[in-house]
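Please open the structure in your viewer, with side chains switched on, and keep the selection box at hand. Each stop below names what to select and then says what is there.

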Amino acid sequence: MSTTEAPASTGKNGNSGYRWIGTRPVRPDGLDKVAGKARFAADLVLPGMLHAHILRSPHPHARIISIDTSPAEAMPGVKAVVTGADFREAPPKGADRNLMCTVIARDKVLYTGHAVAAVAASTRREAKAAAEAIEVTYEVLPHVLNIADAMADDAPVLHDNLFTRGVEPRPTEPSNIAARTVYERGDVEQGFGEADIVIEREFSTQAVHQGYIEPHACVVDCGQDGKAMIWCSSQGHFKVRSATATVLGWDTSQIKVIPAEIGGGFGGKTTIYLEPIAALLSARAGRPVKLVMSRADVFAATGPAPGSIIKMKVGARSDGTITTAKAWLAYENGAFQGIAAMLGCMCVVSSYTLDHLYVEGFDVLMNRPVNVAYRAPSAPVAAFAMESVVDEIASQLGMDPIDLRLNNCPSQGDPTPYGPKWPMIGLRDCLEAIRDSDHYQSAPPSGQGRGVATGFWFNIGEASSATVNLNENGTATVITGSPDIGGSRASMALMAAEELGLDVHLIQPVVGDTEVVGFTDVTEGSRATFATGMAVVEACRDLKRQLCGRAAKTWDCDVEQVDWVDGAAVHGPGEHDPLTIAAITAGAKRTGGPLGATASLNARGAGPAFSVQVADVSVDTETGCTTVERYTTAQDAGTAIHPSYVEGQMQGGVVQGIGWALNEEYIYSDDGTLQNPGFLDYRIPVASDLPMIETVIVEVPNPSHPYGVRGVGEVGIVPPLPALANAVADATGARITDLPLSPPRVLRELSAQG
């Protein structure tokens, strides 16, 4: 028996030889979403369902002296009330404590908006009124809201048992610096000595939110048997199960999580905030409980991407060779530990080959919500610093900014800044694609400025499972555990169609709940099409072997005489007509029963991703308003399984990066209150703010994936920050190092120029 394996891609900008890979079928979930029939978590209504409301801290830092819930318990409609004391005791430190204390405060509140108590009642109005009646006595403590203050020797310390990791000898005094990360190679002082030009700058950025349209929401129904069913919006329902179990002290077997459709996540829904609270309320009330965040709660109490301070020093020879780079990065982690600095350190100089480098990063705690992922976490602000300095070097040397980057970009076999050697990558191809684009070949109109930037994200693999079942009529069902946040239903169907030789419209992709499909990690790190796709391919190849075996039984021949070609079993000697999938499944009862296959794996070999972008802007010198006039992005997708989805991911990343660069920022008052917790004052881009974003899909196949896939969901947000800053500098002569490039900031810089 043999089966025809997937043909190799032809590489850059084309992958011939496929029947379905690279086509653009209508998205499987499109009709329901357009028609308003898609079920989101907040849409679910169960018989006897209660509504919950969370009481949140008005203080950024305070010790909880007492909580009196009796006024709430006496109010109409109230069925259950919980506080942090009703949950299992949190360990003294570590990831579990961070999670448990993020869900609901214990001895202290650590940011304005920190959950303190919750009420379940018959109506939302009753729940809100009762929650507000809870009496909490606080001892207000000094707070800290920014990196510089949090790192100061006399800063108020959030956790008296937190000692900086990555420092030798181990500190003996607690601080707000959670961790230090260092990557180094060569001798940076030697590198600066070899340079003809050295540029040193300091950059700062503000916290920004992912801006998903659907707020966090869940419905939880705890039965008398002690088991809970959770319907929720998330990027990973297996993570919801395990995290909820951790917070409650339950076994995961007690919890079933059913994924709802997701109205945006972008990394912000890779953790939990509501589910354990709703579960405990439901268990106490004996009824289902719905808990939905308001938009203000989303902004004030869920994880944004961190703000940063970054110091860059880069040296280069007069021929454009970058000799060395030194970077100091500090990231806001919010109230609990994270890994923002480590990720930033991995990414900051990864678009360049350097003999000498020293990168040092710090995770800094302060009285703000803990930061979480936002598309290529930490990489955009790191790129803002490095790419701004590289642009300045190109300007001072009189070099084309793309030529400078081509002179210094890494290739396969070169060492990465963080350790391993580069596998096959497409950075050079992306640079050449932008260089050769109509956009770059056309001079910017008079009065406009142009900026170029590169971006890197490493992508991840992790664990995935998939089951592929063949139905009696020859159609197929593909069941995976990856929530579809970027088109994975379509990509799974396309890969299954290519493998089986089946029309993609005969394949139904399904996102299964935690009892239907094997364990699958969170949809994050641009992993779904890569890792879960590998599981789908593996299951399909198992199915093809089974199909050949069934054909051999039907023909009463050896299975070695059967090949699988173009969606049918073919008898090698040619004595029998080919058998299609439909023909085999129609007789499956006679040859062994239903046909299905399952694959589970821990995917390795995620292909690093690069994007190169060019932006043209105009700047109103009277108002400081920046208008994006033209934008082109090139990105290495490995192989574009569904090109429309790839283009959408590229464009979406750019749009969010434009918002980050030009307008978005968290604004806190001195007392720790968020001043702009809504889309009226926290301004994300709308269609009228944007030009048509031109896309160039570059395809340098990832050899570790059967179809050459690289994740595409994240790296697109990395270059917009520096590309737009570089464009504004080109248009105005003002090199702005503090984001966002909002009209007041730009106007202030222009005024300073005179």
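The tour goes from a helix and its covering strands to aromatic rings, cysteines and some backbone details.

Before selecting anything, note that this is a predicted model, in which local features need pLDDT of at least 70 and side-chain atom pairs count only at pLDDT 80 or more, while totals for chains, interfaces and linings use all residues. Residues are numbered from 1 along each chain as its sequence is written, and side-chain values use heavy atoms, with hydrogens and water left out.

**Helix H4 and its surroundings**

Select residues 124-133, which form helix H4; helices (H or I, at least four residues) and strands (E, at least two) are DSSP runs numbered from the N terminus. Which residues of H4 are buried? They are Ala127, Ala130 and Ala131, where buried means under 20% relative accessible area, exposed means over 50% and partly exposed lies in between, with a 1.4 Å probe and protein chains only. Looking down the axis of H4, you will find these buried residues within an arc of 100 degrees, so they line one face of the helix; the arc is that of the directions from the helix axis to the C-beta atoms. An α-helix has 3.6 residues a turn, so residues three or four places apart point the same way. Arg125 and Glu132, on the other side of H4, are exposed.

Now add what covers the buried residues of H4, including strand E2 (50-56), helix H2 (70-73), strand E4 (78-83) and strand E6 (115-121). E6 is itself mostly covered, with 7 of its 7 residues buried. E2 and E6 pair in the antiparallel sense over 6 bridges, pairing being counted if DSSP finds at least two bridges between two strands, and arginine 56 stands opposite alanine 115 in E6. E4 and E6 also run antiparallel, joined by 5 bridges, with valine 78 having alanine 121 of E6 as its bridge partner.

**Helix H8**

Move to residues 275-285, helix H8, where 9 of the 11 residues are buried; among them are Ile277, Leu280 and Leu281. Just after H8 comes glycine 286, whose phi is positive, near 70 degrees.

**Aromatic rings**

Show the rings next: a search of the whole structure finds 16 aromatic pairs, a pair being rings of Phe, Tyr or Trp (its six-membered ring) with centres within 6.5 Å, called stacked if the planes are under 30 degrees apart, edge-to-face if over 60 and tilted for the rest. Select phenylalanine 299 and phenylalanine 679, an edge-to-face pair at 5.6 Å centre to centre with 80 degrees between the planes. Phenylalanine 299 lies in helix H9 (295-301) and phenylalanine 679 in the loop between helix H19 (643-662) and strand E27 (693-698), so the pair ties together parts 380 residues apart in sequence. Phenylalanine 299 is buried at 1% relative accessibility, whereas phenylalanine 679 is partly exposed at 29%. Adding Tyr666, Tyr668 and Tyr682 to these two shows one aromatic cluster.

For charges over rings, select lysine 311, whose charged end sits over the ring of tryptophan 328, 4.7 Å from its centre; the rule asks for NZ of Lys or CZ of Arg within 6 Å of the ring centre and within 35 degrees of the ring normal. Lysine 313 lies over the face of phenylalanine 192, at 4.4 Å from the ring centre.

**Cysteines**

How many disulfides are there? The count comes to 0, a disulfide being a pair of cysteine sulfur atoms within 2.5 Å. For cysteine 540, the nearest cysteine sulfur is that of cysteine 548, 13 Å away, and cysteine 540 is buried at 0% relative accessibility.

**A buried aspartate and backbone details**

Select aspartate 391 in helix H11 (379-397), which is buried with a relative accessible area of 11%. Leaving aside neighbours within four places in sequence, aspartate 391 is in contact (heavy atoms within 4.5 Å) with Pro401, Arg405, Asn726 and Arg735.

Most residues other than glycine have a negative phi, and most peptide bonds are trans. Two cis bonds to inspect are that from glutamate 168 to proline 169, with omega near -5 degrees, and that joining leucine 739 and proline 740, with omega about 5 degrees. Finish at arginine 375, whose phi is positive, near 35 degrees; arginine 375 lies in the loop between strand E16 (356-365) and H11, and is buried, with a relative accessible area of 7%.
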